[in-house]
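User: Please take a close look at one part of this model: the place where the two chains meet. I would like one connected account.

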Protein chains: 2
Amino acid sequence: MDAQPPNPAHPAGAAPPLGAPPAFDAAFRARLGDLFAWRRDVRHFLARPLPEGTVAALVARAASAPSVGLSQPWRFARVKDTGRRAAVRASFARCNAQALAAQALAAQTGERAALYARLKLAGLDEAPEHLAVFVEPDPETGHGLGRATMPETVAYSAVMAIHTLWLAAAAEGIGVGWVSILDPAEITAALEVPAHWRLVAYLCLGYPAAPADTPELERAGWERRLPPADLLFER
Amino acid sequence: MDAQPPNPAHPAGAAPPLGAPPAFDAAFRARLGDLFAWRRDVRHFLARPLPEGTVAALVARAASAPSVGLSQPWRFARVKDTGRRAAVRASFARCNAQALAAQALAAQTGERAALYARLKLAGLDEAPEHLAVFVEPDPETGHGLGRATMPETVAYSAVMAIHTLWLAAAAEGIGVGWVSILDPAEITAALEVPAHWRLVAYLCLGYPAAPADTPELERAGWERRLPPADLLFER
């Protein structure tokens with residue numbers, strides 16, 4: 001944001017007392033805006049591996065995300081086994097072929113299906129790291145607080161962990177691609193995780209081949225950005 | 001993260017070419033870590049209003065979040081009407097009383113229910129701004145891309161918009177509290193939004209009365225942080 005509202009906890013020029021929150025300044029906010037802009041869904045990766053320990057460090061960052069009732073229901077599986085990766089790629093290939101067929105059926109003309117066929121929707125072949133993210137849907141942690149009427153907030157907590165990881169990765173120059181064109185049951189089985197865990201996301205991680213501040217789907221003409229003001233209503 | 005992996009797009013010391021991503025440095029990453037740590041769920045607000053335009057600016061930032069197929073399915077309702085706010089508070093009071101009764105039934109001893117009763121779980125009375133966030137579950141935008149097998153990714157997109165708003169607010173010294181102890185149908189009706197929209201979150205916004213880097217539920221002894229390494233598995 002451009003405006004800098006006064007923060008009563010931090011009068012301008014005063015040093016924050018011990019234990020006080022850091023006063024984030026305009027320069028930091030500008031860089032944070034850059035981070036939001038350059039945090040893209042990456043599907044084109046360099047083969048170059050990530051430094052040892054990167055995935056664990058990113059997962060630790062992800063764990064600072066908010067969670068309903070402090071339930072921390074996120075579970076991460078780093079996928080290195082080539083057989084398991086092949087099963088994931090096969091699930092993607094099947095689901096993507098079905099999606100292409102559906103696009104062809106739904107379209108008035110063949111143009112959109114042809115465009116769909118040209119899109120690269122996952123970097124599963126090149127990305128040096130694969131990270132599957134699951135949710136424990138009924139965690140003991142949190143003691144049920146906050147999720148009785150909206151149980152979906154448990155999965156939402158895992159989503160915020162993913163988004164935290166995504167931003168932390170982007171700040172390291174590391175790209176993340178969220179693959180959702182998968183059969184969750186196939187992934188859960190291929191990775192031999194507890195059957196009651198639910199797949200939230202399958203992430204590809206690596207150095208982006210071509211960093212960008214515009215979504216690939218926008219550059220390819222698939223969809224445009226909506227004016228945010230059109231999505232804000234007064235009640 | 002402490003480690004700074006080499007970014008092949010940005011050799012140290014070289015100026016980024018035009019159109020290249022900004023090279024986020026270690027100082028920025030440290031501040032981003034502070035932001036993640038101080039982005040708390042706030043339930044204690046000062047009555048002081050936010051500057052005019054703040055909510056719209058935060059919503060604009062939220063709209064830079066990732067969304068499945070670039071579907072941008074998030075919808076924001078800024079709630080100012082006192083009657084509608086009262087209906088939301090009444091829904092919270094009902095749902096919270098039911099949750100307290102359930103805690104009392106489930107507990108082996110009365111201790112946890114007594115602790116639950118002492119927790120302040122929402123700042124609905126004091127927060128100067130209320131923002132309800134909905135998802136359009138079947139948006140035309142995005143043309144269905146990426147959500148055929150995992151339709152929940154539409155709601156997940158709205159969750160990432162909320163998390164983006166939350167971080168952007170924290171960088172302005174503004175607190176956000178996510179209220180989920182609500183009956184979604186009651187909120188949708190009270191706010192007279194399209195009946196097929198689904199409530200994702202009801203947010204309270206304002207200046208925090210007591211900023212903290214530790215979750216309130218942790219300080220109150222409700223739940224503890226899990227070691228992130230325990231939630232990372234190799235496959």
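Analyst: What follows is a walk through the interface, then a short look at the chain behind it.

This is a predicted model. Start with the extent of the meeting. On the chain B side, 110 residues are in contact with 109 residues of chain A. Together the chains bury about 9,700 Å². Carbon and sulfur atoms give 66% of that area.

Next, the charged links. Side chains of opposite charge can pair when their charged atoms come close. Between chain B and chain A there are 4 salt bridges. One joins Glu172(A) to Arg29(B), with N to O at 3.6 Å. Polar contacts add to the picture: 44 residue pairs link chain B and chain A in this way, counting pairs with both residues at pLDDT 80 or more.

Which element gives the most to the side of chain B that touches chain A? It is helix H5 of chain B, residues 153-170, with 11 residues. By class, that side of chain B holds 67 nonpolar, 20 polar and 23 charged residues.

Strands also cross the boundary. Strand S5 of chain A (residues 232-234) pairs with strand S1 of chain B (residues 74-79). The sense is parallel, over 3 bridges. Within this pairing, Phe233(A) has Ala77(B) of S1(B) as its bridge partner.

Now the symmetry. Two copies of a chain are related by a rotation about an axis and a shift along it. Here, chain B superposes on chain A after a rotation of 180° with 0.0 Å of shift along the axis. The RMSD is 0.0 Å. That is the relation of a two-fold axis. Of the interface residues of chain B, 99% are also interface residues in chain A, so the copies meet through the same surface.

Finally, the chain behind the interface. Chain A has 7 helices and 5 strands. Their order along the sequence is α-α-β-α-α-β-α-β-α-β-α-β. Its C-alpha atoms fill a box of roughly 60 × 45 × 40 Å along the principal axes.

Salt bridges occur within this chain too. Over all chains, the structure holds 22. Among them is the pair Glu192(A) and Arg84(A), at 2.9 Å, N to O. Glu192(A) sits in the loop between helix H6 (184-190) and strand S4 (198-206) of chain A, and Arg84(A) in helix H3 (residues 82-106), so the pair ties together parts that are 108 residues apart in sequence.

Notes
Residues numbered from 1 in each chain as written. Chains lettered and ligands numbered in written order. Predicted model: local features only at pLDDT ≥ 70, side-chain atom pairs only at ≥ 80, totals over all residues. Heavy atoms only, no water. Contact = heavy atoms within 4.5 Å. Buried area = accessible area lost by both parts, 1.4 Å probe. Salt bridge = Lys/Arg side-chain N within 4 Å of Asp/Glu carboxyl O. Polar contact = N/O pair within 3.5 Å; in protein donor to acceptor, adjacent residues only side chain to side chain. Helix = DSSP H or I, 4+ residues; strand = E, 2+ residues; numbered from the N terminus. Nonpolar A, V, L, I, M, F, W, Y, C, P; charged D, E, K, R; others polar. Pairing = 2+ DSSP bridges. Least-squares fit on C-alpha atoms with pLDDT ≥ 70 in both.
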